[in-house]
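Welcome! Open your viewer, get comfortable with rotating and selecting, and follow along stop by stop.

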Protein chains: 2
Amino acid sequence: MVLSRTSQYAIQALIYIATQAPGEPVLNRDIAERLNVPAAYLAKILQNLCKHGLLDSFRGRLGGFCLREGMHKSTLMHVLQLTEGPDFTKNCILGLKECSDETACPMHFKWKPVKNKIISMLNFMTLDELAKAVLTGKYRLADLPASAIPS
Amino acid sequence: MVLSRTSQYAIQALIYIATQAPGEPVLNRDIAERLNVPAAYLAKILQNLCKHGLLDSFRGRLGGFCLREGMHKSTLMHVLQLTEGPDFTKNCILGLKECSDETACPMHFKWKPVKNKIISMLNFMTLDELAKAVLTGKYRLADLPASAIPS
DNA sequence: TATAATTCGGACAAAAAACTCTTTAAGGAG
DNA sequence: CTCCTTAAAGAGTTTTTTGTCCGAATTATA
Ligand code: FES
Ligand code: FES
């Protein structure tokens, strides 16, 4: 029912970066504070996303992370294939090696349509759209960030 | 996208027990062999299901585990609430503390209908029905069991 | 009663996931 | 060139999950 923490952090961070001005590097420290997640751990995740071409990173002053050209259109499926492994959609819900109509477990034919729904949903949601949603102010990226002073 | 191994083992074992003659205790060793899972670990899981009233256990000769009276009608939701915790359906997919329309993350309104679909599916599937499906021979409980002939 | 078969319970071990620390390299500004 | 800021890299730690081991309790049967 859930994603790994790593995936959750990755998605949150990417959406946050997508809400910022393109081409302006965002500091890992700022992302971590905004999302209220451990900075050193987040850094590892972002580094990994860099290696896989989703982000660009810059060191030194004015450094930070920003979405690589064109990656605003990346889908959550793309992101999750990096964080959860390339065939995270190919697993049987009961843990069998293979999930297919030919080797179906007793849940398979009920689960399959739901799974397909999830897959198409993930293929449909892009970072850009999610960022736009956040920018409307109607949606939250993190719960009660340290700087949520209602003054 | 996946369940914990513990949940997978629990569901597999319960379905297997449900396929066996009611009232006849099934040996942990036999279940483990049939499902090809570690016996000592499975025993822990079954003990836990006993404590929560889903199974009855008997020690000594002719001992083993069998479904408690009426529990053939248990749903997967019931099982998973024991193995994954009582509010495993209440979590936000992005990891926020609360999942609700009022505190929605950017995925919430897309995810919610899918989640509801999963929940109703889990509420609908009973051990009895899954066991029947397995007994037709069309579905697998485990991949390549040591002995591919149940009975 | 003695014995073998089984679960029970707790401690233990290994592996994976989550998280931290430290050092190094790179880049911008004075 | 020097200083400061930042990410990169890698080793190390902690926590959770998964899995093992063993001795004690229980029960049928001979
Ligand atoms: S075989 Fe189990 S979900 Fe497809
Ligand atoms: S708030 Fe994130 S899924 Fe409901």
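## Stop 1: DNA strand C

Begin by selecting Gly60(B) and DNA strand C: a polar backbone atom of Gly60(B) sits 3.2 Å from a base oxygen of that strand. Keep in mind as you look around that this is a predicted model.

Now bring in the elements around this strand. From chain A, helix H1 (5-19) and H3 each give two or more residues to the surface near DNA strand C. From chain B, helix H2 (28-35), H3, strand E1 (55-58) and strand E2 (64-67) do so too.

Next, select Lys44(B). A polar atom of its side chain is 2.5 Å from a base oxygen of DNA strand C. Then move to Ser57(B), where a polar side-chain atom lies 2.4 Å from a phosphate oxygen of DNA strand C.

Which residues come closest to DNA strand C? Of the 23 that surround the strand, they are Pro38(A), Arg29(B), Lys44(B), Ser57(B) and Arg59(B). Colour the surface near DNA strand C by class and you should find seven nonpolar, eight polar and eight charged residues. If you show the atoms of DNA strand C within 4 Å of the protein, 68% are sugar or phosphate, and the rest belong to bases.

## Stop 2: DNA strand D

Turn to the other strand on our route. Around DNA strand D there are 24 residues, with Arg29(A), Lys44(A), Gln47(A), Ser57(A) and Pro38(B) coming nearest. Here sugar and phosphate make up 66% of the strand's atoms that come within 4 Å of the protein.

Select Arg59(A): an N or O atom in its side chain is 2.9 Å from a sugar or linking oxygen of DNA strand D. For Arg59(B), an N or O atom of the side chain is 3.4 Å from a sugar or linking oxygen of DNA strand D. Remember Gly60(B) from the start? One of its backbone N or O atoms lies 3.5 Å from a base oxygen of DNA strand D.

How many residues of each class make up the surface near DNA strand D? There are eight nonpolar, eight polar and eight charged.

## Stop 3: Inside the protein

Hide the DNA for a moment and look for empty space. A search of the whole structure turns up four cavities of 30 Å³ or more. The largest cavity has a volume of about 240 Å³.

To find it, select Met1(A), Trp111(A), Ile118(A), Met1(B) and Trp111(B), which lie nearest the centre of the largest cavity among its 19 lining residues. Then show helix H5 (108-124) in chain A and in chain B, since each supplies at least two residues of this lining. H5(A) gives the largest share, four residues. The lining has 19 nonpolar residues, with no polar and no charged ones.

## Stop 4: Two residues in one loop

Finish in chain B, at the loop between E2 and helix H4 (76-83), where you can select His72(B). Is His72(B) buried or exposed? His72(B) counts as buried because its relative accessibility is 18%, and the cut-off for buried is under 20%. Leaving aside neighbours within four places in sequence, its contacts are Ala18(B), Pro22(B), Leu67(B), Thr126(B), Leu127(B) and Asp128(B).

Glu69(B) is also in the loop between E2 and H4 of chain B. With a relative accessible area of 78%, Glu69(B) is exposed. For a last click, draw a line between the C-alpha atoms of Glu69(B) and Leu54(B): they are 8.7 Å apart, with the two residues 15 places from each other along the chain.

How values were computed: Residues are numbered from 1 along each chain as its sequence is written. Chains are lettered from A and ligands numbered from 1 in the order in which they are written. This is a predicted model: local features need pLDDT of at least 70, side-chain atom pairs count only at pLDDT 80 or more; totals for chains, interfaces and linings use all residues. Side-chain values use heavy atoms; hydrogens and water are left out. On a 1 Å grid over the protein atoms alone, a cavity is a set of points where a 1.4 Å probe fits but cannot get out, and a pocket is an open set with protein on both sides within 12 Å along at least five of seven lines; lining residues have an atom within 4 Å of a point. Grid points are joined across faces, edges and corners, and a volume is the space filled by probe spheres set on the points. Ala, Val, Leu, Ile, Met, Phe, Trp, Tyr, Cys and Pro count as nonpolar, Asp, Glu, Lys and Arg as charged, and the others, Gly among them, as polar. A residue is near a molecule or strand if one of its heavy atoms lies within 4 Å of it. A polar contact is a pair of N or O atoms within 3.5 Å; within protein, one must be able to donate a hydrogen and the other to accept it, and residues adjacent in sequence count only if both atoms are side-chain atoms. Buried means under 20% relative accessible area, exposed over 50%, partly exposed in between (1.4 Å probe, protein chains only). Contact means heavy atoms within 4.5 Å.
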